[in-house]
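Let's take a friendly walk through this structure together. Have the sequence and the 3D view open as you read.

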Amino acid sequence: MAKTAASLFACSECGYSSGRWFGRCPGCGEFGTLAAESTGGRRDGEGLALRPILRLVEVEVEEAARIATGVPELDRVLGGGLVPASLVLVGGEPGVGKSTLLLMALRAMSVDRRVLLVTGEESPAQVKLRAARLGGAAAVEVMAETELETVCSALERERPDVCVIDSVQTLYAAEIGSAPGSVAQVREAAARLLRVAKESGVAVFLVGHVTKDGTVAGPRVLEHLVDCVLQFEGDRYRAHRILRAAKNRFGSTNELGVFEMTGTGLVGVPDPSELFGRSEAGEVGAAVACALEGTRPILLEIQALVAATDLAMPRRVATGVDPKRLAMIVAVLTRHAGLPLGSADVFVNVAGGVRIDEPGADLAVALAIASASRGVAMREGLAAFGELGLTGRLRPAAQAERRLEECAKLGLRAVLAPAGTPGHPTLALSEAGTVREAVRTALGEAQAAAG
Ligand code: TYD
Ligand code: MG
């Protein structure tokens, strides 16, 4: 028998399947229940146990068209739209705007698709009020339900294209003893919804609350289960929100979406550099970094404060920069640029609540600290990028051309970058081989390093 045409035998009682026939089912012990199955089509409900092993060359890939969510920033972070039948977790602190974001997406998608909002936190009337603020959402279907079983059977029956569960912490499965929101409940809900998503072809967004200290059960325990984990961050007392992917089975995890919360919902910020990359001329302790976030370069103002301290262990406090990275940058500045940071507290802040985890931003962080330490402002209209090595040497940063292009787009005049960075037609490029040279050039202490 040719291997590719192998038939499968399955037990009609217990679903046991095997490549050969048995008179008595090894699974449940019944006699005469094994029957040949065709391996071509999958029979709903009992298909999973019968699935044959294939060579990769035999696997048929049907690249399902992605669903545009109607919120371009969300599409970008998802990797180019929502993948049908996927399970996406959207985590964030209460009040950051998760419900608003997803209602906006549902509203846009409801124009040509069936969309369902399962709300366990707010009444349909509250949802309607929110929708009215966003400009109405007549076609969005709403179900106020927290019983997991009911939600799953509704999805299996109705098969909407997209469903939002707001929130996963409110779902409750009676057979699990613990309270809604507990690890066991949340995990059960996600596992069941994952199955429903795949089998009924429903793309499901799960809203999950996290608190600052990460104590609430939820997103953490679900990360390995779901296809994508999106984090919605930002200060609810300020207007800007950052959406990023912490995990994405269908795309990059580096993409960033920036929003502004307004009276009529979240407005995408297509050009975050314009917003976060401007610094006040002549301000001490500020530098502009040209960092890469996924596929796009973004200009970010970095602010630093250096203050004398009597503490034996001076403080290094970073918002938006990895604390270990900051400690390294401070050590390099002390050792290789002669800055007296050993007896000073150093605070660093990235504009807009953006987090940078890219080494290309090192140089700007270092320059902001140097400026604060010396009490001298950076040269006006200067942006910087480059990675700092432990020896004080600057390493070239990836995708220098694209960074320079972004600086030019924002109307900056000059860029400070590691030696070897290719030139740009409209920018004055200052190259520096070491952090010491870079500090001198940026603070205008010597012209020699330029060129
Ligand atoms: P919400 O989406 O309810 O946050 P989450 O679901 O993450 O808990 O809304 C967050 C805040 O946004 C809330 O305090 C009200 C405010 N908001 C606006 O400023 N404008 C709007 O158009 C909407 C709908 C909400
Ligand atoms: Mg909410």
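The report below starts with the ligand and then turns to two sheets.

## The model and its ligand

Please keep in mind that this is a predicted model. A good place to begin is ligand 1, which has 16 residues around it. Gly95, Ser99, Thr100, Thr262 and Gly265 come nearest. By type, the shell around ligand 1 holds 8 polar, 4 charged and 4 nonpolar residues.

Some polar contacts are worth finding on your screen. The backbone of Gly265 places a polar atom 2.6 Å from an oxygen atom of ligand 1. Arg130 brings a polar side-chain atom to 3.0 Å from an oxygen atom of the ligand, while an N or O atom in the side chain of Arg133 lies 3.2 Å from a ligand nitrogen atom. On its own, ligand 1 has 560 Å² of accessible area, and the protein covers 77% of that. Helix 2 (98-109), helix 3 (124-133) and strand 11 (256-262) each give two or more residues to the shell. Helix 2 gives the most, with 3 residues.

## The sheet of nine strands

Next, look for an open sheet of 9 strands, in the order 6-5-7-8-4-9-10-11-12 and with mixed pairing. Why is one side of strand 6 (141-144) and of strand 12 (265-268) left without a neighbour in the sheet? These two strands stand at the edges and each has a single partner strand, so nothing in the sheet flanks the other side. On average, neighbouring strands here are turned by 25 degrees against each other, direction ignored.

At the strand 6 end, strand 5 (residues 115-119) runs parallel to strand 6 and is joined to it by 4 bridges. Across that pair, Leu116 stands opposite Glu141 of strand 6.

## The sheet of seven strands

Another open sheet has 7 strands in the order 15-16-14-13-17-20-21, again with mixed pairing. Its edge strands, strand 15 (316-319) and strand 21 (428-432), each pair on one side only. Within this sheet, strand 13 (residues 286-293) and strand 14 (residues 296-308) run antiparallel and share 8 bridges. Val288 has Glu301 in strand 14 as its bridge partner.

Helix 9 (residues 362-374) packs on this sheet, and its direction makes about 30 degrees with that of strand 14. Helix 9 touches strands 13, 14, 16 (344-350), 17 (382-384) and 20 (414-418). Helix 10 (residues 400-409) runs at about 80 degrees to strand 14, lying across strands 13, 14, 17, 20 and 21.

How values were computed
Residues are numbered from 1 along each chain as its sequence is written. Chains are lettered from A and ligands numbered from 1 in the order in which they are written. This is a predicted model: local features need pLDDT of at least 70, side-chain atom pairs count only at pLDDT 80 or more; totals for chains, interfaces and linings use all residues. Side-chain values use heavy atoms; hydrogens and water are left out. A residue is near a molecule or strand if one of its heavy atoms lies within 4 Å of it. A polar contact is a pair of N or O atoms within 3.5 Å; within protein, one must be able to donate a hydrogen and the other to accept it, and residues adjacent in sequence count only if both atoms are side-chain atoms. Accessible areas come from the Shrake-Rupley method with a 1.4 Å probe; for residues, only the protein chains shown count as cover. Ala, Val, Leu, Ile, Met, Phe, Trp, Tyr, Cys and Pro count as nonpolar, Asp, Glu, Lys and Arg as charged, and the others, Gly among them, as polar. Two strands pair if DSSP finds at least two bridges between them. Contact means heavy atoms within 4.5 Å. Axes are lines fitted to C-alpha atoms, for helices over the stretch in contact, and angles run from 0 to 180 degrees between N-to-C directions.
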